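Notebook open, model loaded. I want to go through the strand pairing and then the charged side chains.

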Amino acid sequence: SHFGSIPIPSLAVDSVNIELRNAASASSATTRKYRPAWLLSDGTIRDFTDTTKNYVEFDTLAGSYYLVLRHRNHIEIMSAGGQALNGATPSAYDFTTAQEQAYGTNSMKALAGGSFGMIAGDANTNGQIANSDINTVIRPALGQSGYRNADVSLNGQVQNSDINTF
């Protein structure tokens, strides 16, 4: 119900927001474009409005852009460097292959099987994981179900396991 009448792909587990910008620092960027996308159970994305596309289109000029990926209760990640986009051919970028795919040091969590993913726990969406996530968002929502930022484990329930995710 969170997404209204928008068709949801069968393998979708959530949505993410992708930002394309021409500088590592948001304040230095002269181009910043945003697009929502579906996050599928295999870690890939689909265009939010045209789910037949396994990529997201941006209306922008060819150039070098940083890709920023945001999720409702995870720390955002950004590509380690600018990615050349030519405006005509979709480009692939896979954050999961190495810690070095993301900007910064230890910006992702090592997952089973040698892959990497976003760090969960930013329930209050302030860009950091701290006790305030537990005390002001997760604990007050314990026992609730549904699409909630407090559901850090993404199982549809706010439980003690969401506190223990840290």
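Before I look up any accessibility, I fix the terms: buried means under 20% relative accessible area, exposed means over 50%, and partly exposed is in between. I also keep in mind that this is a predicted model.

**Entry 1: strands**

I started with strand β1 (residues 12-21) and strand β2 (residues 32-40). They pair in the antiparallel sense, over nine bridges. To get the register, I picked S15 and looked for its bridge partner in β2, which turned out to be W38.

Next I followed β2 to strand β3 (residues 45-47). This pairing is antiparallel too, with three bridges. Here I noted A37 standing opposite D47 in β3. The β2 and β3 hairpin has four residues between the strands, and in it G43 takes a positive phi near 90°.

**Entry 2: salt bridges around E19**

How many salt bridges does the structure hold? I get eight.

I looked up E19 with R32 and found a salt bridge, the closest N and O atoms being 2.5 Å apart. E19 sits in strand β1 and R32 in strand β2, so this pair ties together parts that are 13 residues apart in sequence.

Is E19 buried or exposed? Its relative accessible area is 0%, so I log E19 as buried. R32 comes out at 35%, which makes R32 partly exposed.

E19 also meets R70 in a salt bridge, at 2.8 Å from N to O. R70 belongs to strand β4 (residues 63-70) and E19 to strand β1, so here the parts tied together are 51 residues apart in sequence. For R70 I read 23% relative accessibility. That value lies between the 20% and 50% cut-offs, so R70 counts as partly exposed.

Then I asked myself which residues are linked with E19 in a network of salt bridges. The network takes in R21, R32, R70 and E76 along with E19. As a general reminder to myself, side chains of opposite charge can pair when their charged atoms come close.

**Entry 3: D50 and K53**

Last lookup: D50 forms a salt bridge with K53, and the closest N and O atoms are 3.9 Å apart. I checked that against the cut-off, since a salt bridge needs the nitrogen within 4 Å of the carboxyl oxygen. On accessibility, D50 is partly exposed at 26%. K53 has a relative accessible area of 19%, so K53 goes down as buried, given that buried means under 20%.

Note on methods: Residues are numbered from 1 along each chain as its sequence is written. This is a predicted model: local features need pLDDT of at least 70, side-chain atom pairs count only at pLDDT 80 or more; totals for chains, interfaces and linings use all residues. Side-chain values use heavy atoms; hydrogens and water are left out. Two strands pair if DSSP finds at least two bridges between them. Helices (H or I, at least four residues) and strands (E, at least two) are DSSP runs, numbered from the N terminus. A salt bridge is a side-chain nitrogen of Lys or Arg within 4 Å of a carboxyl oxygen of Asp or Glu. Buried means under 20% relative accessible area, exposed over 50%, partly exposed in between (1.4 Å probe, protein chains only).
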